[in-house]
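User: I'd like to learn how to read a model like this one, feature by feature. Could you walk me through it?

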Amino acid sequence: MDTMSVAATRRVALAAQGFADPRPEVSTRRHLKKVLSRVQLLQLDSVNVVVRAHYAPLFARLGAYDQALIDDAAWSPSARKPRLLVETWAHEASLIPVEDWPLLRSRAKRDGWWRHYQPILDRSPQLVEDILAVVKELGPVGAGRIEREVVGEAQRTPGPWWDRSEVKKVCEYLFGIGQLTTGSRKSFERLYDLTERVIPPEILSREVTPEQGARELITRSAAALGVATEPDLRDYYRLGPQVSQQAVVDLVEAGVLEPVRVRTWRAPAYRFAGARQPRKITGRALLCPFDPLIWERARTERLFDFKYRIEIYVPGPKRVYGYYVFPFLLDGELVARVDLKADRAEGVLRVPGAFAEPGADIARVAPELIAELRHMAEWLQLDGVVVGERGDLAPVLRKL
């Protein structure tokens, strides 16, 4: 069994996530596919303090690119550019490659929070049929329109009456179990459609056992992580522990995973057989809180000695770094963190706080950070960067 240093493990992980690849001058659909082959999925989140979460990982890896690359791939397919991505519950609500849909429906993945809506279905079994009928007729359609149609029909005809919140919950239930998915989005509102109208029939009809699904999903996790513990691999798609542990055993036997020991890591680790180990990682990137490189906080601490917590839900006076903080990656290390806000009314990217990590060379970090912040501002079509008062990097950034 090989023994790896944390530094070597970090380089493997960064390469697996696409940070050993140079940024293109102009990003195309081919570059989107390449990033997807690294990260496997893009997490969705409603927070729009800087930019929607699914756009940020591509910026970190490609630099400025046209966000329509993702929009067209996920929500506006055409004969010339077919759908590449579809929404489902993966790590969390996520965009995944269309061809991966059967893997997430194989029951390798644990049932999600939507199972708590089962009592509504038990109480009102007709509600599912009514919702599906509305979506079949009107889809892609938003939850609000579905509510009006279903509740209005129930009020006009004899039988049970359902309130709007129940309709919305059952829409989420049907999305969770895969009977509905997102046909399109409008101003980020999910427009539901029947899954069979979104997923090609040859993909939708693919039969995958839970064991096969777990092996394929853990393989994708391993490719995305490079070197990982079994809980790391499991977390990427939020699989159950039993199916994940058996999949790891099977993949070790098949030679897909190689057991390794990482110094300072307590748990056994596994290296993806095709993982690259560059001699060094260069370049810079701003990482949103939902970037797959850092979304598992315990792993981030093990890899980078970087303790990171999102503070959105922390009361303002108790926040240490800020509301929506981006770690800054420079030449393979997390060297700083910045609290960011896109002030669209004033047309600037605001940096309320900027903090160097202990031991970081501020004279080296600050010019690289301000350059990346300006690059982000330009990508977001903002006129500039305004640095606030908080943090030891802030006064240096204001002078640059």
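User: Let's begin with a hairpin. How many residues lie between β13 and β14, and which residue in the turn has a positive phi?

Analyst: Keep in mind that this is a predicted model. The β13–β14 hairpin has four residues between its strands, and the turn residue with a positive phi, about 75°, is G347.

User: In which sense do β13 and β14 pair, and over how many bridges?

Analyst: The general idea goes like this: strands of a sheet pair through backbone hydrogen bonds, in either a parallel or an antiparallel arrangement. Here β13 (residues 333-343) and β14 pair in the antiparallel sense, over seven bridges. To find the register, look at A342, whose bridge partner in β14 is L349.

User: And in which sense does β14 pair with β15?

Analyst: That pairing is parallel, with five bridges between β14 (residues 348-356) and β15. You can follow it by eye: R350 stands opposite V386 in β15, and G353 stands opposite R390 in β15.

User: What is the strand order in the sheet they belong to?

Analyst: The order is β11-β12-β13-β14-β15, an open sheet of five strands with mixed pairing. At the edges are β11 (284-286) and β15 (384-390), each pairing on one side only. From one strand to the next, the twist averages 30°.

User: Why can β14 be called largely enclosed by the rest of the structure?

Analyst: Count its buried residues. Seven of the nine in β14 are buried, so the strand is largely enclosed by the rest of the structure.

User: Now the four-stranded sheet. What is its order, and is it open or closed?

Analyst: It's an open sheet with the order β1-β9-β10-β8 and mixed pairing. Each of the edge strands, β1 (2-4) and β8 (227-229), has a single partner, so one side of each is left without a neighbour in the sheet. The twist in this sheet averages 45° from one strand to the next. Inside it, β9 (residues 257-262) and β10 (residues 269-272) pair in the antiparallel sense over four bridges, with P259 opposite Y270 in β10.

User: Which strands does helix α12 lie across, and which does α13 lie across?

Analyst: Helix α12 (residues 230-237) lies across β8, β9 and β10, at about 95° to β8. Helix α13 (residues 241-253) lies across β9 and β10, running at about 105° to β9.

User: Let's zoom in on one residue. Is Q40 buried or exposed?

Analyst: Q40 is buried: its relative accessible area is 9%, and the cut-off for buried is under 20%. Q40 sits in the loop between α2 (29-39) and β2 (42-43). Its side chain reaches the backbone oxygen of S37 at 2.9 Å. Setting aside neighbours within four places in sequence, the contacts of Q40 include V35, I96, R220, Y236 and Y237.

User: Last topic: domains. How is the chain divided?

Analyst: Domain 1 is 2-106 + 208-272, domain 2 is 113-203 and domain 3 is 309-398.

User: How much area do domain 1 and domain 3 bury between them?

Analyst: In general, the size of an interface is often given as the accessible area lost when the parts come together. For domain 1 and domain 3 that comes to about 1,400 Å², with 68% of it on carbon and sulfur atoms. V49, V50 and F59 supply 47% of the area that domain 1 buries against domain 3, more than any other three residues. In terms of contacts, 15 residues of domain 1 touch 17 residues of domain 3, and the C-alpha centres of the two domains lie 26 Å apart.

Methods: Residues numbered from 1 in each chain as written. Predicted model: local features only at pLDDT ≥ 70, side-chain atom pairs only at ≥ 80, totals over all residues. Heavy atoms only, no water. Helix = DSSP H or I, 4+ residues; strand = E, 2+ residues; numbered from the N terminus. Buried < 20%, exposed > 50% of the residue type's maximum accessible area, 1.4 Å probe, protein only. Polar contact = N/O pair within 3.5 Å; in protein donor to acceptor, adjacent residues only side chain to side chain. Contact = heavy atoms within 4.5 Å. Pairing = 2+ DSSP bridges. Axes fitted to C-alpha atoms, helices over the stretch in contact; angles between N-to-C directions. Domains from an automatic or database assignment. Buried area = accessible area lost by both parts, 1.4 Å probe.
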